[in-house]
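Please walk through the model below, starting from one loop residue and moving on to the sheet, the helices and the core.

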Amino acid sequence: MRIAKICTLNYLRSSFDGMPVKDYRLTHYELELMGVIWELEEASVQDVCDALPRELAYTTVMTTLTLLAKKKKVLHRVKRGRAYIYRAAVSREAVSQSMLSQLKQVLLGDSLPTLMVNLLENENMSESDISALKTAINKLESNP
């Protein structure tokens, strides 16, 4: 029972608003492929290969997309003619929130202020970026 509880706690993390977040552990390469799928909304293996900024073997992309669909369950795939078409099963925001939560917990001692300072410290921020951050902070302050 204790092991199951620990596994569940490792699988579900709290988001920044206290709601549970599914734990998506994607590699840099998998995120690169997911980025293409998020941009195109749906794509075949060839579409993904064509949209990547670097040259990758068709079979490498196909194998990774299959893994993302079958094992990691972050993609849906349907057969259309002779090819599989892939669509995102999770949003970019859900994956981002999960990975930021992992980063905060593992590298920054679960400190949200440290995470935020590290994210903002080296950024060139526009007035609209600063305004959006102030709005988000005001929203957080107004919610108990």
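**From a loop residue to the core**

The loop that links E5 and helix H5 (92-107) contains Ala 89. This is a predicted model. Ala 89 is partly exposed, because its relative accessible area is 33%, a value that lies between the limits of 20% for buried and 50% for exposed. Although Ala 89 and Val 74 are 15 residues apart in sequence, their C-alpha atoms are 4.9 Å apart in space. Once neighbours within four places in sequence are set aside, the contacts of Ala 89 are Lys 73, Val 74, Leu 75 and His 76.

Next comes the sheet. Strands of a sheet pair through backbone hydrogen bonds, in either a parallel or an antiparallel arrangement. Here three strands form an open sheet in the order E3-E5-E4, and the pairing is antiparallel. E3 and E4 stand at the edges with a single partner strand each, so one side of each has no neighbour in the sheet. Between strand E3 (residues 42-43) and E5 there are two bridges, in the antiparallel sense. Glu 42 has Arg 87 of E5 as its bridge partner, and Ala 43 has Tyr 86 of E5.

On the other side of the pairing scheme, E4 and E5 run antiparallel and are joined by six bridges. One of the bridge pairs is Arg 80 with Ala 83 of E5. E4 and E5 make a hairpin with two residues between them, and in its turn Gly 81 has a positive phi of about 70°.

Two helices can be placed relative to these strands. H2 lies across E3, E4 and E5, and runs at about 85° to E5. H4 also packs on the sheet, where it touches E4 and E5, and its direction makes about 115° with that of E4.

How far apart are the end C-alpha atoms of helix H4 (residues 58-70), and what span should its 13 residues have? At 1.5 Å a residue the expected span is 18 Å, and the end C-alpha atoms are 18 Å apart, so the two values agree. The buried residues in H4 are Val 61, Thr 64, Leu 65, Leu 68 and Ala 69. They cover an arc of only 135° around the axis, and therefore lie on the same side of H4. The exposed residues Thr 63 and Lys 70 are on the face of H4 turned away from that buried side. The cover over the buried residues of H4 includes helix H2 (28-40), helix H3 (45-51), strand E4 (75-80) and strand E5 (83-88).

Leu 65 shows this packing at the level of a single residue. Apart from neighbours within four places in sequence, Leu 65 is in contact with Leu 33, Ile 37, Val 45, Val 48, Leu 75 and Tyr 86.

Leu 65 also belongs to the largest nonpolar core, which has 23 residues; Met 34, Val 48, Val 61, Leu 65 and Leu 75 are the members that touch the most other members. At least two residues of this core come from each of H2, H3 and H4. H2 gives the most to this core, with six residues.

How values were computed
Residues numbered from 1 in each chain as written. Predicted model: local features only at pLDDT ≥ 70, side-chain atom pairs only at ≥ 80, totals over all residues. Heavy atoms only, no water. Helix = DSSP H or I, 4+ residues; strand = E, 2+ residues; numbered from the N terminus. Expected span 1.5 Å × (residues − 1). Buried < 20%, exposed > 50% of the residue type's maximum accessible area, 1.4 Å probe, protein only. Arc of directions from axis to C-beta. Contact = heavy atoms within 4.5 Å. Pairing = 2+ DSSP bridges. Axes fitted to C-alpha atoms, helices over the stretch in contact; angles between N-to-C directions. Core = buried A, V, L, I, M, F, W, Y, C linked by side-chain atoms within 4.5 Å.
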